[in-house]
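The following exercises concern the geometry and packing of a single helix. Each task is followed by a worked solution.

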Amino acid sequence: MPQPSTLSMYELTINARVSWQAHSLSTAGTNGSNKVMSRRQILADGSEADACSGSIAKHHHAELLAEYLAATGIPLCQACRHRDGRRVAALVERPEYKNLSIEQILQGCGLCDAHGFLVTAKNANSHQGTEARSKLTKHSLVEFSFALGLPGRAQETLHLFTRSGESKDEGQMLMKIPARSGDFALLVRYTSVGIGVDTYRWQVAIIDEQQRRNRHRAILSALRDALLSPDGAMTATMLPHLTGLEGAIVVQSDVGRAPMYSALKEDFVTRLVAMQSDTCLVYPFATVDAFHAIMQDLITSSDPYLPASYRPEQQQEGDK
Ligand SMILES: [Zn+2]
């Protein structure tokens, strides 16, 4: 368990094995009367794994995060307030958003700050009367892997559903929809040092400790929820049964990366625990409530690391 005193977090990884029964969280289009195809991924050894894309998990996290940010009074840009996935890039043509600096974007939106955005560069065009625009970008601080079904521990059942037509003449439409069950390996990386930071040029835009802490806690709260309340496709009628959550949370407390190791490997928790050091803290969990307790402690007792060049003690050192 994390200590009650504040823990400085540079980066965090969640290395999880999650069990879902009868879900259809990630789908890959249609094929004739197969209305929904399961997504698949071939692994290095040639085996085929069930797969749920990370973009669904990232979208779910962003939705949850917007709710937490709004509830704690952290500003959202107009696009994020209306859940526009393009984020601030959806607004750059508006007069009030022209000539906006990246510092202003990061200060003005906690979701753009956490999940990143891309405003492409544009040359001035005198014929069209458009002005030049420079590229503004931030990479996401929260990254999700595919959730991959463990070989031999993933099953699929095809269900036949009927849907009545508009009139009697149209009769009934038959649809095949698969439901899958399995144990999935899932990785999440959260680079907390980047909160309020223009990570492209490594400039800190938000120095206020409380503002950075509030954003950090919202991101962790949404991560906790995303694993404990699964979301994705088809949940209206195939809400997954969550039947297991185990793995390890790794916190890097000083500069550097927090290691990751996939639950595709049977000994992943043992290997992660063996990498523990003064700055690499490993918290194994074997149940949903153990995961919940570790996340609760991190939410209340950790702070995002401030980049070294902005730390007061470092500046004093440099001034000598
Ligand atoms: Zn935004």
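**Exercise 1. Length of helix 1**

Compare the expected span of helix 1, at 1.5 Å a residue, with the distance between its end C-alpha atoms.

Solution. Helix 1 has 18 residues. The expected span is 1.5 Å times one less than the number of residues, so helix 1 should span 26 Å. The end C-alpha atoms of helix 1 are 26 Å apart, which agrees with that expectation. The model under study is predicted, and helix 1 covers residues 54-71 in it. Beyond the helix comes G73, with a positive phi near 75°.

**Exercise 2. Orientation relative to helix 5**

Classify the packing of helix 1 (residues 54-71) against helix 5 (residues 209-228) from the angle between them.

Solution. Step one: the two helices pack at an angle of about 130°, and their axes are 8 Å apart. Step two: angles of 65 to 115 degrees count as roughly perpendicular and those over 145 as roughly antiparallel. Step three: helix 1 and helix 5 are therefore oblique to each other. As for handedness, the crossing of helix 1 past helix 5 is right-handed.

**Exercise 3. Composition of the contact**

State which residues form the contact between helix 1 and helix 5, and how they divide by class.

Solution. Helix 1 contributes A57, H60, H61, L64, L65, Y68 and L69. From helix 5 come A218, I219, S221, A222, L223, D225 and A226. By class, this contact holds 10 nonpolar, 3 polar and 1 charged residues.

**Exercise 4. Burial along helix 1**

Identify the buried residues of helix 1 and the elements against which they pack.

Solution. The buried positions are I56, A57, H60, H61, A62, L64, L65, A66, Y68 and L69. An α-helix has 3.6 residues a turn, so residues three or four places apart point the same way. The buried residues of helix 1 pack against strand 4 (48-52), helix 2 (78-81), helix 4 (110-115), strand 7 (142-144) and helix 5.

**Exercise 5. The environment of E63**

Determine whether E63 is buried, partly exposed or exposed.

Solution. E63 lies in helix 1. Within 10 Å of E63 there are 15 other C-beta atoms. Burial requires 20 or more, and exposure 12 or fewer; E63 is therefore partly exposed. E63 and T270 are separated by 207 residues in sequence and by 33 Å in space, C-alpha to C-alpha.

**Exercise 6. The whole chain**

Give the secondary-structure content and the buried fraction of the protein chain.

Solution. The protein chain has 9 helices and 14 strands. Of its 320 residues, 37% count as buried.

Key. Residues numbered from 1 in each chain as written. Predicted model: local features only at pLDDT ≥ 70, side-chain atom pairs only at ≥ 80, totals over all residues. Axes fitted to C-alpha atoms, helices over the stretch in contact; angles between N-to-C directions. Helix = DSSP H or I, 4+ residues; strand = E, 2+ residues; numbered from the N terminus. Parallel < 35°, antiparallel > 145°, perpendicular 65-115°, else oblique. Left-handed = near helix turned anticlockwise from the far one by under 90°. Contact = placed C-beta atoms within 7 Å. Nonpolar A, V, L, I, M, F, W, Y, C, P; charged D, E, K, R; others polar.
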